[in-house]
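Visitor: Please take one part of this model and look at it closely. I would like the surroundings first and the side chains afterwards.

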Amino acid sequence: MQKVLHINPDKCTGCLQCEMACSFENYGTFATAKSRIKVFDFHHTGKKVPYTCTQCDEAWCLHACPVEAIKVDKATGAKVVNETTRSEEHTSELQSPLIIS
């Protein structure tokens, strides 16, 4: 069964609890750097907006990844982060909440 996460940005207070819960659910640790959800802080407006990967066509993260840990799955076309390529020293550089293999 495919799961969908509905995010209402108007209710976001910027508490980062969604990031913490996501990292704990997927990795068993409270580490926002490992979250598949990111909360962006738009300083100029004071608004905070949670964001998850939208599997966009541009895939800027794939092209920007310094360790080439993001690949396109040939069978599904999904952008996937390879955990064996992604190392702890690059965690801060790979904060896009993509599908993790």
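Guide: The secondary structure of this predicted model consists of two helices and five strands. Read from the N terminus, the order of elements is α-β-β-α-β-β-β. The chain has 101 residues, of which 25% count as buried. Its exposed area is about 7,100 Å², with 55% supplied by carbon and sulfur atoms. Among contacts with a separation of 6 or more, 36% are between residues 24 or more positions apart.

The part to examine is the hairpin of E1 and E2, together with the loop that leads into E1. That loop lies between helix H1 (17–27) and strand E1 (37–42), and Ser-35 is located in it. Ser-35 has a relative accessibility of 3%, and because buried means under 20%, Ser-35 counts as buried. A polar atom of the Ser-35 side chain lies 2.8 Å from the backbone oxygen of Ile-37. The side chain of Ser-35 also has a polar atom 3.3 Å from the backbone oxygen of Glu-19. By its numbering, Glu-19 falls within helix H1 (17–27), while Ile-37 falls within strand E1 (37–42).

Next, the hairpin itself. E1 runs antiparallel to strand E2 (residues 47–52), and six bridges join the two. Val-39, for example, has Pro-50 in E2 as its bridge partner. Four residues separate the strands of the hairpin, and Gly-46 in the turn has a positive phi of about 80°.

Now the aromatic side chains. The count comes to two aromatic pairs. One of them is Phe-24 with Phe-30: the ring centres are 4.6 Å apart and the planes are at 10°, so this pair is stacked. Phe-24 is partly exposed, at a relative accessible area of 43%, whereas Phe-30 is exposed, at 53%.

The rings of Phe-40 and Tyr-51 have centres 5.6 Å apart and planes at 65°, so they are paired edge-to-face. This pair links distant parts of the chain, since Phe-40 is in strand E1 and Tyr-51 is in strand E2, eleven residues apart. Phe-40 has a relative accessible area of 40% and is partly exposed. Tyr-51 also counts as partly exposed, at 28% relative accessibility.

To put the part together: six bridges join E1 and E2, and the edge-to-face ring pair of Phe-40 and Tyr-51 has one member in each of these strands. In the loop before E1, Ser-35 is buried.

Notes: Residues numbered from 1 in each chain as written. Predicted model: local features only at pLDDT ≥ 70, side-chain atom pairs only at ≥ 80, totals over all residues. Heavy atoms only, no water. Buried < 20%, exposed > 50% of the residue type's maximum accessible area, 1.4 Å probe, protein only. Polar contact = N/O pair within 3.5 Å; in protein donor to acceptor, adjacent residues only side chain to side chain. Pairing = 2+ DSSP bridges. Contact = heavy atoms within 4.5 Å. Areas by Shrake-Rupley, 256 points an atom, 1.4 Å probe, with all protein chains shown as cover. Phe/Tyr/Trp six-rings, centres within 6.5 Å; stacked < 30°, edge-to-face > 60°.
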